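Here's a quick walk through a protein fold, written for someone who would rather look at the model than wade through tables. Have the viewer open while you read.

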Amino acid sequence: VTFGGITVKLKGTGTLTNNNFVSGDYQATGTGAGLSGDGSTKYIDTGLNDNTLSADDVSLSVYSTDVGTTGGGLIACASEDEIKTIFRSQSGRIDFALPNDDARYEYSFVSGGGNFIASRRGVNDVEYYVDGNSVYTDTSTASQNTNNANYELFNYSLGSFESNATLTFAHIGSGLTDTDASNLTNRVETLMDALGCGVIS
């Protein structure tokens with residue numbers, strides 16, 4: 001829970017690269033804690049290339065104490081051919097795409113914070129969760145490709161779509177079942193409650 005710690009992965013190899021965040025953008029504990037983007041120039045490169053993952057066995061999540069006011073990627077890996085993202089739209093929705101418009105879902109969520117998970121468990125098996133609850137299931141999307149691009153936080157990585165959200169946690173991993181998504185949500189929420197910034201009631 002230090003500013004220097006924001007580039008240290010809790011699990012996995014490689015290093016997160018800080019692009020333009022300063023210590024004043026970070027609050028360690030208490031209401032509204034997290035790292036806050038500026039909706040313009042600040043983002044984090046995870047160093048994790050989508051080509052190293054399975055196209056049909058992948059999940060993304062972010063925990064946000066404030067989804068912000070600008071349209072921008074909370075977490076994304078995007079190229080001209082493929083988009084995988086959890087994105088706050090200009091109208092305030094949370095948009096999920098794993099990947100592309102084939103499995104896109106727009107969740108009516110205007111302000112505040114929450115835990116958002118996108119999971120692809122196989123061909124024709126996509127599911128999205130908000131605060132541990134399933135909000136969308138897609139059983140019609142065929143197998144997809146991977147991207148030769150890195151996952152980024154606070155950015156959509158195609159054009160200028162940086163976010164001014166406040167994030168406290170993110171993950172990229174293999175596909176999650178309903179039980180996995182619930183367990184992840186509960187464990188992250190326990191940590192956030194201990195830090196005084198939990199937003200799930």
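The report below goes from the overall fold to the sheet, the cores and a few single residues.

## The overall picture

Keep in mind that this is a predicted model. The protein chain has one helix and 14 strands. Its radius of gyration comes out at 15 Å, close to the 17 Å that the globule rule gives for 201 residues, so the chain is as compact as a globular protein of that length. If you want a feel for the dimensions, the C-alpha trace spans about 45 × 35 × 35 Å along its principal axes.

Buried residues account for 47% of the 201 residues. The chain exposes about 8,800 Å², with carbon and sulfur atoms supplying 46% of that area. Take the contacts between residues at least 6 apart in sequence: 62% of them join residues at least 24 apart.

## The seven-stranded sheet

Now for the strands. Seven of them make an open sheet, with antiparallel pairing, in the order β2-β3-β14-β5-β10-β11-β12. The edges are β2 (26-27) and β12 (133-138), each of which pairs on one side only.

Walking through some of the pairings, β3 (residues 34-36) is joined to β14 (residues 166-173) by two bridges, and Ser-36 sits opposite Thr-166 there. On to β5 and β14: these run antiparallel and share seven bridges, with Ser-59 facing Gly-173 in β14. β10 and β11 are also antiparallel, paired over six bridges, and Gly-122 stands opposite Asp-125 in β11. If you're tracing side chains along any of this, remember that in a regular strand they alternate between the two faces of the sheet.

## β1, β4 and β13

Another set of pairings is worth following. β1 pairs with β4 (residues 43-49) in the antiparallel sense over three bridges. β4 is in turn joined to β13 by three bridges, again antiparallel.

Which residue should you click on to see both pairings of β4? Try Ile-44: it is the bridge partner of Asn-18, and it also stands opposite Leu-153 in β13.

## What packs inside

The largest nonpolar core holds 29 residues, and those touching the most other members are Leu-74, Ile-86, Ile-94, Phe-96 and Phe-116. Several strands feed this core: β5 (58-66), β6 (72-78), β8 (94-97), β10 (114-122), β11 (125-130) and β13 (150-153) each supply at least two residues. Apart from it lies another core, of 11 residues, including Ile-117, Ala-181, Met-192 and Cys-197.

Phe-96 is a good one to zoom in on. Leaving aside neighbours within four places in sequence, Phe-96 contacts a list of residues that includes Ile-86, Ala-103, Arg-104, Tyr-105, Phe-116, Tyr-128 and Val-130. Ile-117, one of the residues in the 11-residue core, is also among the contacts of Phe-96.

## The cysteines

How many disulfides does a search of the whole structure find? Zero. As for individual cysteines, Cys-77 is at 0% relative accessibility, so it counts as buried. Cys-197 is at 3% and therefore counts as buried as well.

## Two asparagines with positive phi

Most residues other than glycine have a negative phi. Asn-20, though not a glycine, has a positive phi of about 80 degrees. You'll find Asn-20 in the loop between β1 and β2, and its 47% relative accessibility makes it partly exposed.

Asn-124 also has a positive phi, of about 60 degrees, without being a glycine. This residue lies in the loop between β10 and β11. With a relative accessible area of 33%, Asn-124 is partly exposed.

## Thr-7, ahead of the first strand

Where does Thr-7 sit? It is in the segment before β1 (17-19). Is it buried or exposed? Somewhere in between: at 22% relative accessibility, Thr-7 counts as partly exposed, because the cut-off for buried is under 20%.

Not counting residues up to four places away in sequence, Thr-7 touches Thr-15, Leu-16 and Asn-18. Thr-7 and Asn-18 are 11 residues apart along the chain, and their C-alpha atoms are separated by 6.7 Å. Asn-18, for its part, has Ile-44 in β4 as its bridge partner.

Key. Residues are numbered from 1 along each chain as its sequence is written. This is a predicted model: local features need pLDDT of at least 70, side-chain atom pairs count only at pLDDT 80 or more; totals for chains, interfaces and linings use all residues. Side-chain values use heavy atoms; hydrogens and water are left out. Helices (H or I, at least four residues) and strands (E, at least two) are DSSP runs, numbered from the N terminus. Buried means under 20% relative accessible area, exposed over 50%, partly exposed in between (1.4 Å probe, protein chains only). Contact means heavy atoms within 4.5 Å. A nonpolar core is a set of buried Ala, Val, Leu, Ile, Met, Phe, Trp, Tyr and Cys residues joined through side-chain atoms within 4.5 Å. Two strands pair if DSSP finds at least two bridges between them. The radius of gyration is taken over C-alpha atoms; the globule rule is 2.2 Å times the number of residues to the power 0.38. Accessible areas come from the Shrake-Rupley method with a 1.4 Å probe; for residues, only the protein chains shown count as cover. A disulfide is a pair of cysteine sulfur atoms within 2.5 Å.
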